[in-house]
Amino acid sequence: MKTLPFQKILLPFLGILSAVVIVGALGYTVFKVTTLDNQISSIKKDQDSIKNALGNSLFDDHLQISSDMNISSDNAALQTQINDLLTKADNVAFTKIQQIQTLYADFNSKLTRNKAVKIDDSKTTAGITTWGDMLLKKDYDNLITDITAKNAELEASYKKYLATLPPPPAAINPGSGYSYQTVKISQGTFGVYLLKFALSDVKVVTAAANSSDCKDGCPTKSLEQHIKDNNGFAGMNGTYFCPPDYSSCKGKVNSFDYAFYKSSSSKWLNKNALSWGDTGLATFNGHSATFYTHTNSYGGGSVTAGISNYPTLLHGGKYAVEDRIVTSYQKLKGTKGAIGIGKSNLYLAIITNASVSDAAYVMQALGAQDALNLDGGGSSAMYLNGHYILGPGRSLPNAVVLVK
């Protein structure tokens, strides 16, 4: 991916920021080095990859957590000790530096998002070259205030852009199972593209373009082609995957790591990921469905379709998002996908301007009892009766398809 002009300004700042963080940390934690050394070295490679991602995109953080679910317990143990250090009264400066780092990551993400839709943020970015000097002078409070203000400006310009978009399409074939709804809850007001069918009237097919595990250069299809190849009439995008338009996906283009049942082959792809505890799993057997909060709770029973992803949104009608595995990328407001079931209905939803936490509450308001987060953003796509309701979006390695 080519370096954007604004990144040429921000990258030197990031270097200074990282240096100050290290100096601040060493000043207080030098006496802890001996006891933490073994733990730090055991996860150093994973932590380094997350730190290096900050200057490019929050999507890197998202990918890192996706691929490192099986070592999350080691990271959690170290984080507990770090959090203990940060609560010390004489560690105020280091805490402020970490706050600056978090605000800067949010700034960089919002700016990248706005640039992607060609929003002119030149007025907002003016003056950010002073941030490096402010760090060196330890002018933390004013720097925090400045970055916070510019984040608000970036968010305001993006909301202004959203307001210029055309209204959502009218319902296709009223009564067909599709509707566009505005859901108002305490977290905000959200637009929802919704496919809702009685489970007794449809069957779910989980469709994949690849026939075996794939780590790079994996085959993809449009959502429409996935549906046609499986004799379906409706569907939406499936799991997270590594798209070719992200530089961090070099060497793993269009791959996905999650356990996925290819219905047409009666075969689990990425079967080892059935042992993961941080992903959720939705399985189907004919007209029945079972959702698992944690994939490793699945006992290997007979299924005709199955898809895992993270995080689980709802379980038994209650909010079930585990904040410890939610990435910065998932906390951003954007387009989120979800699959869920109610007492007798199946829900496929694409929710606008939402975080994954928002998506959970929206699915709850729609009537879902169990729900699983799916991919969204530029991969969002929904199709019904020969027409795209939303999309087509990116070409997809897998999808959820409905058949009658």
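The exercises below work through disulfides, aromatic pairs, charges over rings and two loop residues in a predicted model.

In this predicted model local features need pLDDT of at least 70 and side-chain atom pairs count only at pLDDT 80 or more, whereas totals for chains, interfaces and linings use all residues. Residues are numbered from 1 along each chain as its sequence is written, and side-chain values use heavy atoms, with hydrogens and water left out.

**Exercise 1. Disulfides**

Find the disulfides of the whole structure, and give their handedness and their pattern along the chain.

Solution. Step one is the criterion, which asks for a pair of cysteine sulfur atoms within 2.5 Å; a search of the whole structure on this basis finds 2 disulfides. Step two takes C214 and C218, whose sulfur atoms are 2.2 Å apart; the torsion about their S-S bond is about -105°, so this disulfide is left-handed. Step three takes C242 and C249, which are joined with an S to S distance of 2.0 Å, and here too the link is left-handed, with -90° about the S-S bond. Step four counts the bonded cysteines along the chain, which gives the pattern 1-2, 3-4.

Are the bonded cysteines C214 and C218 buried or exposed? With a 1.4 Å probe and protein chains only, buried means under 20% relative accessible area, exposed means over 50%, and partly exposed lies in between. By these cut-offs both C214 and C218 are buried. C242 counts as buried because its relative accessibility is 3%, and C249 is buried with a relative accessible area of 1%.

**Exercise 2. Aromatic pairs**

Classify the ring pairs Y180 with Y193 and Y383 with Y388, and describe the surroundings of each ring.

Solution. Rings of Phe, Tyr and Trp (its six-membered ring) pair if their centres lie within 6.5 Å; planes under 30 degrees apart count as stacked, over 60 as edge-to-face, and the rest as tilted. By this rule the count comes to 13 aromatic pairs. For Y180 and Y193 the ring centres are 4.9 Å apart and the planes stand at 70°, so the pair is edge-to-face. The pair links distant parts of the chain, 13 residues apart, with Y180 in strand β1 (residues 178-185) and Y193 in strand β2 (residues 188-198); helices (H or I, at least four residues) and strands (E, at least two) are DSSP runs, numbered from the N terminus. Y180 is partly exposed at a relative accessible area of 30%, while Y193 counts as buried at 10%.

The pair of Y383 and Y388 is edge-to-face, with 5.1 Å centre to centre and 80° between the planes. Y383 is buried at 5% relative accessible area, and Y388 counts as partly exposed at 26%. An aromatic cluster is formed by Y240, Y258, W276 and Y310.

**Exercise 3. Charges over rings**

Which ring does R113 lie over, and which ring lies under the charged end of K404?

Solution. The criterion requires NZ of Lys or CZ of Arg within 6 Å of the ring centre and within 35 degrees of the ring normal. R113 lies over the face of Y158, at 3.9 Å from the ring centre. The charged end of K404 sits over the ring of F233, 4.8 Å from its centre.

**Exercise 4. Two loop residues**

Locate T279 and D257, and state the accessibility of each.

Solution. T279 belongs to the loop between β6 (267-269) and β7 (280-285), and is buried with a relative accessible area of 0%. D257 lies in the loop between β4 (234-237) and β5 (260-262), and counts as partly exposed at 26% relative accessibility. D257 and A273, 16 residues apart in sequence, are 7.2 Å apart in space from C-alpha to C-alpha.
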